[in-house]
Amino acid sequence: MTSESDAAVIRASLEEPGRFGALFDRHATVLFRYLVRRVGVDDAEALLGEVFRVGFEKRATYDGARPNARPWLYGIATHLLARHRRSEARRIHATARLLGRQAPAEDPTDHIATTLDAAVLWPHVADAVARLPIEERDALILYVWEELSYEEIASALDVPLGTVRSRLNRARMSLRELRASIGRQQ
Amino acid sequence: MSDDFDPLRALRPDRVRPDDPAEPTIFAREKERLMSTIGDTTQQVSRELRMPDIYARLAYEDERAALAYLVRVFQLAEIREARTDMGDSLLAWLRVGDGVVMIGHANAEIHRIHSPHSLGNTTVQMMVYVHDVDAHFAHAVAEGADITMPVQDAFYGERRYEATDLEGHRWHFAERFADIKARGGTVPDNPSGGQA
(Lines give C-alpha, C1' and ligand atoms only; values in the text may rest on other atoms or scores of the structure.)
Protein backbone atom coordinates (compact mmCIF):
# COMPACT_ATOMS: atom_id res chain seq x y z
CA MET A 1 0.00 0.00 0.00
CA THR A 2 2.69 2.47 0.96
CA SER A 3 4.41 1.93 -2.38
CA GLU A 4 1.33 3.05 -4.30
CA SER A 5 2.23 6.13 -6.35
CA ASP A 6 0.57 9.49 -5.82
CA ALA A 7 -0.80 9.19 -9.33
CA ALA A 8 -2.51 5.92 -8.39
CA VAL A 9 -3.90 7.47 -5.21
CA ILE A 10 -5.29 10.43 -7.14
CA ARG A 11 -6.83 8.12 -9.73
CA ALA A 12 -8.44 6.04 -6.97
CA SER A 13 -9.75 9.19 -5.29
CA LEU A 14 -11.95 9.89 -8.31
CA GLU A 15 -14.05 6.90 -7.26
CA GLU A 16 -13.33 7.06 -3.55
CA PRO A 17 -12.73 10.66 -2.50
CA GLY A 18 -11.45 9.64 0.93
CA ARG A 19 -8.34 8.17 -0.65
CA PHE A 20 -7.11 11.69 -1.35
CA GLY A 21 -6.24 12.04 2.34
CA ALA A 22 -3.10 9.97 1.74
CA LEU A 23 -1.66 12.84 -0.29
CA PHE A 24 -1.97 15.07 2.73
CA ASP A 25 -0.16 12.52 4.89
CA ARG A 26 2.68 12.30 2.40
CA HIS A 27 3.23 15.93 1.52
CA ALA A 28 1.67 18.29 4.06
CA THR A 29 4.78 18.80 6.20
CA VAL A 30 7.00 19.67 3.24
CA LEU A 31 4.42 21.99 1.71
CA PHE A 32 3.83 23.64 5.06
CA ARG A 33 7.52 24.40 5.46
CA TYR A 34 7.55 25.93 1.99
CA LEU A 35 4.61 28.17 2.85
CA VAL A 36 6.21 29.16 6.16
CA ARG A 37 9.46 30.09 4.43
CA ARG A 38 7.69 32.38 2.01
CA VAL A 39 4.96 34.02 4.07
CA GLY A 40 5.45 33.05 7.72
CA VAL A 41 3.53 30.77 10.01
CA ASP A 42 0.22 32.66 10.24
CA ASP A 43 -0.44 32.87 6.51
CA ALA A 44 0.98 29.39 6.01
CA GLU A 45 -1.53 27.91 8.45
CA ALA A 46 -4.34 29.54 6.53
CA LEU A 47 -2.99 28.31 3.18
CA LEU A 48 -2.05 24.72 3.96
CA GLY A 49 -5.55 23.27 3.88
CA GLU A 50 -6.40 25.33 0.82
CA VAL A 51 -3.54 23.77 -1.16
CA PHE A 52 -5.05 20.32 -0.67
CA ARG A 53 -8.64 21.43 -1.15
CA VAL A 54 -7.71 23.05 -4.47
CA GLY A 55 -5.78 19.90 -5.37
CA PHE A 56 -8.81 17.80 -4.56
CA GLU A 57 -11.01 19.93 -6.81
CA LYS A 58 -8.50 19.70 -9.65
CA ARG A 59 -7.62 16.04 -9.23
CA ALA A 60 -9.41 14.95 -12.40
CA THR A 61 -6.91 16.99 -14.44
CA TYR A 62 -3.83 15.49 -12.78
CA ASP A 63 -1.29 14.15 -15.28
CA GLY A 64 -1.19 10.46 -14.39
CA ALA A 65 2.21 10.10 -16.10
CA ARG A 66 3.76 11.84 -13.07
CA PRO A 67 3.96 9.35 -10.23
CA ASN A 68 5.00 11.92 -7.61
CA ALA A 69 2.45 14.66 -6.97
CA ARG A 70 4.70 16.86 -4.90
CA PRO A 71 5.68 19.25 -7.76
CA TRP A 72 1.99 19.59 -8.64
CA LEU A 73 1.20 20.51 -5.03
CA TYR A 74 4.11 22.97 -5.04
CA GLY A 75 2.53 24.53 -8.09
CA ILE A 76 -0.85 24.92 -6.40
CA ALA A 77 0.81 26.39 -3.32
CA THR A 78 2.86 28.79 -5.45
CA HIS A 79 -0.25 29.94 -7.25
CA LEU A 80 -2.03 30.63 -3.96
CA LEU A 81 1.02 32.50 -2.64
CA ALA A 82 0.63 35.11 -5.39
CA ARG A 83 -2.07 36.76 -3.27
CA HIS A 84 0.35 37.12 -0.38
CA ARG A 85 3.09 39.27 -1.89
CA ARG A 86 3.02 41.75 0.97
CA SER A 87 3.51 39.09 3.63
CA GLU A 88 6.29 37.66 1.53
CA ALA A 89 8.09 40.99 1.20
CA ARG A 90 7.72 41.62 4.93
CA ARG A 91 9.06 38.19 5.71
CA ILE A 92 12.16 38.40 3.54
CA HIS A 93 12.99 41.88 4.82
CA ALA A 94 12.62 40.73 8.41
CA THR A 95 14.91 37.79 7.69
CA ALA A 96 17.44 40.12 6.07
CA ARG A 97 17.47 42.39 9.13
CA LEU A 98 17.97 39.38 11.38
CA LEU A 99 20.79 38.04 9.25
CA GLY A 100 22.34 41.50 9.15
CA ARG A 101 22.52 41.55 12.92
CA GLN A 102 24.29 38.21 13.09
CA ALA A 103 28.07 38.12 13.19
CA PRO A 104 29.63 38.17 9.70
CA ALA A 105 31.64 35.11 10.70
CA GLU A 106 28.42 33.09 10.59
CA ASP A 107 27.79 34.22 7.03
CA PRO A 108 27.79 31.41 4.52
CA THR A 109 28.69 34.01 1.88
CA ASP A 110 31.88 35.34 3.41
CA HIS A 111 33.29 36.26 0.03
CA ILE A 112 30.90 39.16 -0.36
CA ALA A 113 29.98 39.83 3.24
CA THR A 114 33.55 40.60 4.18
CA THR A 115 33.54 43.49 1.74
CA LEU A 116 30.43 45.06 3.16
CA ASP A 117 28.70 45.50 6.45
CA ALA A 118 26.23 42.63 6.75
CA ALA A 119 23.57 45.02 8.00
CA VAL A 120 23.70 46.81 4.64
CA LEU A 121 24.17 43.80 2.41
CA TRP A 122 21.21 41.64 3.36
CA PRO A 123 18.48 44.26 2.97
CA HIS A 124 19.87 44.84 -0.55
CA VAL A 125 19.50 41.17 -1.34
CA ALA A 126 15.99 41.11 0.09
CA ASP A 127 15.04 44.12 -2.02
CA ALA A 128 16.44 42.55 -5.13
CA VAL A 129 14.52 39.31 -4.56
CA ALA A 130 11.29 41.08 -3.64
CA ARG A 131 11.52 43.20 -6.80
CA LEU A 132 11.95 40.27 -9.18
CA PRO A 133 8.98 39.58 -11.47
CA ILE A 134 6.84 37.02 -9.67
CA GLU A 135 7.39 34.25 -12.22
CA GLU A 136 11.16 34.62 -11.82
CA ARG A 137 10.91 34.73 -8.07
CA ASP A 138 8.74 31.61 -7.95
CA ALA A 139 11.21 29.65 -10.07
CA LEU A 140 14.15 30.99 -8.10
CA ILE A 141 12.74 30.10 -4.70
CA LEU A 142 11.65 26.64 -5.79
CA TYR A 143 15.18 26.06 -7.03
CA VAL A 144 17.23 27.64 -4.25
CA TRP A 145 15.15 27.11 -1.10
CA GLU A 146 13.12 24.05 -2.02
CA GLU A 147 15.90 22.44 -4.06
CA LEU A 148 13.54 21.26 -6.78
CA SER A 149 15.08 20.17 -10.08
CA TYR A 150 14.45 22.10 -13.31
CA GLU A 151 12.07 19.34 -14.36
CA GLU A 152 10.13 19.53 -11.11
CA ILE A 153 9.88 23.30 -11.36
CA ALA A 154 8.63 23.02 -14.95
CA SER A 155 6.05 20.55 -13.72
CA ALA A 156 5.07 22.71 -10.74
CA LEU A 157 4.67 25.91 -12.73
CA ASP A 158 3.30 24.11 -15.76
CA VAL A 159 5.77 25.69 -18.17
CA PRO A 160 8.32 24.18 -20.58
CA LEU A 161 11.77 23.31 -19.29
CA GLY A 162 13.33 26.06 -21.42
CA THR A 163 11.16 28.65 -19.68
CA VAL A 164 12.42 27.52 -16.29
CA ARG A 165 15.99 27.86 -17.56
CA SER A 166 15.46 31.35 -18.91
CA ARG A 167 13.66 32.53 -15.76
CA LEU A 168 16.45 31.24 -13.57
CA ASN A 169 19.04 32.79 -15.85
CA ARG A 170 17.37 36.18 -15.64
CA ALA A 171 17.14 35.90 -11.85
CA ARG A 172 20.79 34.87 -11.75
CA MET A 173 21.76 37.94 -13.77
CA SER A 174 19.82 40.19 -11.41
CA LEU A 175 21.62 38.76 -8.40
CA ARG A 176 24.97 39.04 -10.19
CA GLU A 177 24.31 42.69 -11.02
CA LEU A 178 23.41 43.28 -7.42
CA ARG A 179 26.73 41.87 -6.38
CA ALA A 180 28.56 44.06 -8.85
CA SER A 181 26.71 47.19 -7.78
CA ILE A 182 27.42 46.49 -4.13
CA GLY A 183 31.06 46.02 -5.06
CA ARG A 184 31.11 49.45 -6.74
CA GLN A 185 29.73 51.14 -3.64
CA GLN A 186 32.74 50.03 -1.64
CA MET B 1 27.91 24.85 -3.37
CA SER B 2 28.87 28.34 -4.40
CA ASP B 3 27.13 30.28 -7.13
CA ASP B 4 25.20 33.46 -7.83
CA PHE B 5 22.32 32.10 -5.74
CA ASP B 6 24.33 31.97 -2.51
CA PRO B 7 22.91 35.21 -1.11
CA LEU B 8 19.35 33.94 -1.48
CA ARG B 9 20.35 30.55 -0.12
CA ALA B 10 21.65 32.29 2.99
CA LEU B 11 18.37 34.18 3.33
CA ARG B 12 16.22 31.08 3.70
CA PRO B 13 14.35 31.99 6.88
CA ASP B 14 14.79 28.68 8.67
CA ARG B 15 18.55 28.85 8.03
CA VAL B 16 18.72 32.26 9.67
CA ARG B 17 16.61 31.25 12.60
CA PRO B 18 15.27 27.75 13.12
CA ASP B 19 11.51 28.05 13.18
CA ASP B 20 9.62 27.78 16.37
CA PRO B 21 7.30 24.85 16.07
CA ALA B 22 3.93 25.64 14.62
CA GLU B 23 0.95 24.61 16.65
CA PRO B 24 1.68 20.88 16.50
CA THR B 25 -1.90 19.93 15.87
CA ILE B 26 -2.16 21.99 12.69
CA PHE B 27 -1.68 18.96 10.47
CA ALA B 28 -4.34 16.95 12.25
CA ARG B 29 -6.72 19.88 12.22
CA GLU B 30 -6.20 20.71 8.56
CA LYS B 31 -6.49 17.09 7.54
CA GLU B 32 -9.73 16.75 9.43
CA ARG B 33 -11.06 19.82 7.61
CA LEU B 34 -9.90 18.46 4.29
CA MET B 35 -11.59 15.13 4.90
CA SER B 36 -14.83 16.78 5.89
CA THR B 37 -14.68 18.98 2.77
CA ILE B 38 -14.16 15.87 0.74
CA GLY B 39 -17.22 14.46 2.43
CA ASP B 40 -15.34 11.55 3.88
CA THR B 41 -16.42 10.88 7.41
CA THR B 42 -15.21 7.30 7.54
CA GLN B 43 -11.71 8.35 8.54
CA GLN B 44 -11.47 9.69 12.04
CA VAL B 45 -8.19 11.53 12.01
CA SER B 46 -7.66 11.92 15.70
CA ARG B 47 -9.46 11.37 18.93
CA GLU B 48 -8.22 14.41 20.80
CA LEU B 49 -6.44 17.21 19.03
CA ARG B 50 -5.96 19.62 21.86
CA MET B 51 -2.76 19.70 23.86
CA PRO B 52 -2.96 20.19 27.61
CA ASP B 53 -2.48 23.78 28.75
CA ILE B 54 0.84 22.87 30.33
CA TYR B 55 3.31 20.22 29.33
CA ALA B 56 7.05 19.68 29.47
CA ARG B 57 9.56 19.78 26.63
CA LEU B 58 12.56 17.50 27.15
CA ALA B 59 15.83 18.11 25.35
CA TYR B 60 17.89 15.32 23.83
CA GLU B 61 21.11 15.29 21.85
CA ASP B 62 19.68 12.46 19.76
CA GLU B 63 15.94 12.99 19.84
CA ARG B 64 15.32 10.38 17.16
CA ALA B 65 16.88 7.71 19.35
CA ALA B 66 14.98 9.11 22.32
CA LEU B 67 11.67 8.92 20.49
CA ALA B 68 12.27 5.28 19.59
CA TYR B 69 13.41 4.51 23.12
CA LEU B 70 10.47 6.16 24.91
CA VAL B 71 7.99 4.32 22.72
CA ARG B 72 9.75 0.96 22.93
CA VAL B 73 10.85 0.90 26.56
CA PHE B 74 8.37 3.14 28.39
CA GLN B 75 5.45 2.55 26.01
CA LEU B 76 4.65 6.20 25.45
CA ALA B 77 2.42 6.75 22.42
CA GLU B 78 3.52 9.27 19.85
CA ILE B 79 0.89 11.65 18.48
CA ARG B 80 2.08 10.87 15.00
CA GLU B 81 0.27 13.66 13.17
CA ALA B 82 1.99 16.25 15.35
CA ARG B 83 5.54 15.21 14.49
CA THR B 84 7.57 17.97 12.90
CA ASP B 85 10.57 16.56 11.12
CA MET B 86 13.08 19.18 10.04
CA GLY B 87 15.55 16.73 8.60
CA ASP B 88 18.42 17.55 10.90
CA SER B 89 16.18 17.71 13.95
CA LEU B 90 12.81 16.54 15.08
CA LEU B 91 9.97 17.58 17.36
CA ALA B 92 7.62 14.95 18.70
CA TRP B 93 4.74 14.83 21.13
CA LEU B 94 4.09 11.73 23.20
CA ARG B 95 0.92 10.92 25.05
CA VAL B 96 0.24 8.98 28.21
CA GLY B 97 -3.39 9.03 29.28
CA ASP B 98 -4.43 12.67 29.33
CA GLY B 99 -0.85 13.94 29.58
CA VAL B 100 1.62 14.96 26.92
CA VAL B 101 5.36 15.38 26.83
CA MET B 102 7.24 17.02 23.99
CA ILE B 103 10.73 16.08 22.96
CA GLY B 104 13.16 17.96 20.76
CA HIS B 105 16.78 18.64 20.11
CA ALA B 106 18.90 20.13 22.90
CA ASN B 107 19.05 23.77 21.90
CA ALA B 108 21.51 25.97 23.73
CA GLU B 109 21.07 29.03 21.47
CA ILE B 110 17.38 29.69 21.31
CA HIS B 111 15.50 27.80 23.97
CA ARG B 112 18.56 27.32 26.16
CA ILE B 113 17.68 23.81 27.14
CA HIS B 114 20.17 20.99 27.48
CA SER B 115 20.28 17.25 27.69
CA PRO B 116 21.20 15.77 31.09
CA HIS B 117 23.78 13.85 29.12
CA SER B 118 25.79 17.00 28.42
CA LEU B 119 25.11 18.58 31.83
CA GLY B 120 25.90 15.57 33.98
CA ASN B 121 22.79 16.35 36.03
CA THR B 122 19.09 16.79 35.67
CA THR B 123 16.59 18.97 37.51
CA VAL B 124 13.35 17.38 36.41
CA GLN B 125 11.48 14.17 36.95
CA MET B 126 8.56 13.17 34.78
CA MET B 127 5.68 11.83 36.88
CA VAL B 128 3.61 9.30 34.95
CA TYR B 129 0.58 7.25 35.95
CA VAL B 130 0.24 4.03 34.01
CA HIS B 131 -2.19 1.15 33.90
CA ASP B 132 -0.69 -1.96 35.56
CA VAL B 133 2.61 -0.63 36.78
CA ASP B 134 3.83 -4.21 37.42
CA ALA B 135 3.47 -5.10 33.76
CA HIS B 136 4.91 -1.73 32.77
CA PHE B 137 7.94 -2.39 34.95
CA ALA B 138 8.41 -5.94 33.60
CA HIS B 139 8.24 -4.63 30.05
CA ALA B 140 10.76 -1.85 30.73
CA VAL B 141 13.17 -4.31 32.35
CA ALA B 142 12.80 -6.72 29.42
CA GLU B 143 13.59 -3.87 27.04
CA GLY B 144 16.76 -3.03 28.94
CA ALA B 145 15.62 0.01 30.94
CA ASP B 146 18.05 1.56 33.41
CA ILE B 147 16.05 1.09 36.62
CA THR B 148 16.95 3.64 39.28
CA MET B 149 14.34 2.45 41.80
CA PRO B 150 12.69 -0.96 41.60
CA VAL B 151 8.94 -1.37 42.12
CA GLN B 152 7.90 -0.40 45.62
CA ASP B 153 4.66 0.29 47.44
CA ALA B 154 4.67 3.78 48.86
CA PHE B 155 3.01 4.83 52.11
CA TYR B 156 0.80 7.34 50.31
CA GLY B 157 -1.01 4.57 48.49
CA GLU B 158 0.79 4.10 45.21
CA ARG B 159 3.03 1.51 43.67
CA ARG B 160 5.88 3.02 41.72
CA TYR B 161 9.28 2.58 40.17
CA GLU B 162 11.81 4.89 38.60
CA ALA B 163 14.02 4.65 35.56
CA THR B 164 16.52 6.82 33.78
CA ASP B 165 16.32 7.09 30.02
CA LEU B 166 19.12 6.95 27.48
CA GLU B 167 20.24 10.56 28.02
CA GLY B 168 19.60 10.79 31.75
CA HIS B 169 16.07 12.17 32.03
CA ARG B 170 14.35 10.65 35.10
CA TRP B 171 10.99 8.97 34.88
CA HIS B 172 8.71 7.99 37.74
CA PHE B 173 5.97 5.51 36.88
CA ALA B 174 3.18 4.86 39.32
CA GLU B 175 -0.26 3.33 39.80
CA ARG B 176 -2.71 4.22 42.57
CA PHE B 177 -3.73 1.41 44.93
CA ALA B 178 -7.37 2.00 44.05
CA ASP B 179 -6.57 1.36 40.39
CA ILE B 180 -4.52 -1.71 41.25
CA LYS B 181 -7.48 -3.12 43.20
CA ALA B 182 -9.84 -2.24 40.39
CA ARG B 183 -7.83 -4.39 37.99
CA GLY B 184 -7.88 -7.28 40.48
CA GLY B 185 -4.39 -6.76 41.86
CA THR B 186 -3.46 -6.96 45.51
CA VAL B 187 -2.13 -4.15 47.62
CA PRO B 188 -0.55 -4.23 51.08
CA ASP B 189 -2.81 -3.64 54.09
CA ASN B 190 -0.27 -1.40 55.68
CA PRO B 191 1.97 0.03 53.02
CA SER B 192 3.68 2.38 55.46
CA GLY B 193 5.60 -0.57 56.91
CA GLY B 194 9.02 0.81 56.39
CA GLN B 195 9.05 1.94 52.80
CA ALA B 196 8.46 5.46 51.72
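Two residues are in contact here if their C-beta atoms, placed from the backbone, lie within 7 Å. With that in mind, the tour can begin, and throughout it should be remembered that this is a predicted model.

**First stop: H2 and H4 of chain A**

Select Arg38(A), Val39(A), Gly40(A) and Asp43(A) in H2(A), and then add Ser87(A), Glu88(A) and Arg91(A) in H4(A), which are the residues they meet. By class, this contact of H2(A) with H4(A) is made of four charged residues, two polar ones and one nonpolar one. Now show the two helices whole: H2(A) covers residues 21-58, while H4(A) covers residues 85-101. Their axes lie 7 Å apart and the helices pack at an angle of about 115 degrees, which makes H2(A) roughly perpendicular to H4(A). If you turn the view to look through the pair, the crossing of H2(A) and H4(A) is right-handed.

**Second stop: H3 and H8 of chain A**

Next select residues 70-81 of chain A, which form helix H3, together with residues 150-157 of chain A, which form helix H8. The axes of this pair come within 7 Å and cross at roughly 55 degrees, and H3(A) and H8(A) are therefore oblique to each other. The crossing of H3(A) and H8(A) is right-handed. On the side of H3(A), the residues to display are Pro71(A), Trp72(A), Tyr74(A), Gly75(A) and Thr78(A), and they meet Glu152(A), Ser155(A), Ala156(A) and Leu157(A) in H8(A). Sorted by class, the residues of this contact of H3(A) with H8(A) are five nonpolar, three polar and one charged.

Before leaving H8(A), step back along the chain to Glu147(A), which sits in the loop between helix H7 (134-144) and H8 of chain A. Glu147(A) is not a glycine, and yet it has a positive phi of about 55 degrees. Is Glu147(A) buried or exposed? Glu147(A) has 9 C-beta neighbours inside 10 Å and so counts as exposed, given that the cut-off for exposed is 12 or fewer.

**Third stop: where the chains meet**

Bring chain B into view and colour the contact between the two chains, to which chain A gives 35 residues and chain B gives 30 residues. On the side of chain B that touches chain A, the elements giving two or more residues are helix H1 (6-10), helix H2 (13-16), helix H3 (26-38) and strand E3 (84-85) of chain B. The largest share of that side, nine residues, comes from H3(B). By class, the side of chain B that touches chain A has 13 nonpolar residues, twelve charged and five polar.

Keep H3(B) selected and show H2(A) beside it, since the axes of H2(A) and H3(B) come within 10 Å and cross at roughly 130 degrees. H2(A) and H3(B) are therefore oblique to each other, and their crossing is right-handed. Among the residues to pick out in H2(A) are Phe24(A), Glu45(A), Phe52(A) and Arg53(A), and among those in H3(B) are Phe27(B), Lys31(B), Leu34(B) and Ile38(B). The contact of H2(A) with H3(B) has ten nonpolar, four polar and five charged residues.

**Fourth stop: the nonpolar cores**

Which residues touch the most other members of the largest nonpolar core? In this core of 56 residues they are Leu31(A), Leu35(A), Leu48(A), Ala77(A), Ala139(A), Ile153(A) and Leu11(B). The element that gives the most to this core is H2(A), with 14 residues. Centre the view on Leu48(A), which, leaving aside residues up to four places away in sequence, touches Ala28(A), Leu31(A), Phe32(A) and Leu35(A) as well as Ile26(B) and Glu30(B). Apart from this core lies another, of 27 residues, including Val73(B), Leu91(B), Val128(B) and Phe173(B).

**Last stop: chain B as a whole**

Finally, show chain B alone, with its seven helices and nine strands. Of its 196 residues, 28% count as buried. Among the contacts in chain B between residues at least 6 apart in sequence, 58% join residues at least 24 apart.

End at Gln75(B), in the loop between helix H4 (63-72) and strand E2 (77-78) of chain B. Gln75(B) has a phi near 60 degrees, a positive value in a residue other than glycine. With 18 other C-beta atoms within 10 Å, Gln75(B) is partly exposed.

Notes: Residues are numbered from 1 along each chain as its sequence is written. Chains are lettered from A and ligands numbered from 1 in the order in which they are written. This is a predicted model: local features need pLDDT of at least 70, side-chain atom pairs count only at pLDDT 80 or more; totals for chains, interfaces and linings use all residues. Helices (H or I, at least four residues) and strands (E, at least two) are DSSP runs, numbered from the N terminus. Ala, Val, Leu, Ile, Met, Phe, Trp, Tyr, Cys and Pro count as nonpolar, Asp, Glu, Lys and Arg as charged, and the others, Gly among them, as polar. Axes are lines fitted to C-alpha atoms, for helices over the stretch in contact, and angles run from 0 to 180 degrees between N-to-C directions. Angles under 35 degrees count as roughly parallel, over 145 as roughly antiparallel, 65 to 115 as roughly perpendicular and the rest as oblique. A crossing is left-handed if the near helix is turned anticlockwise from the far one by less than a right angle, and right-handed if clockwise. A residue is buried if 20 or more other C-beta atoms lie within 10 Å of its own, exposed if 12 or fewer, and partly exposed in between; C-beta atoms are placed from the backbone. A nonpolar core is a set of buried Ala, Val, Leu, Ile, Met, Phe, Trp, Tyr and Cys residues joined through C-beta atoms within 7 Å.
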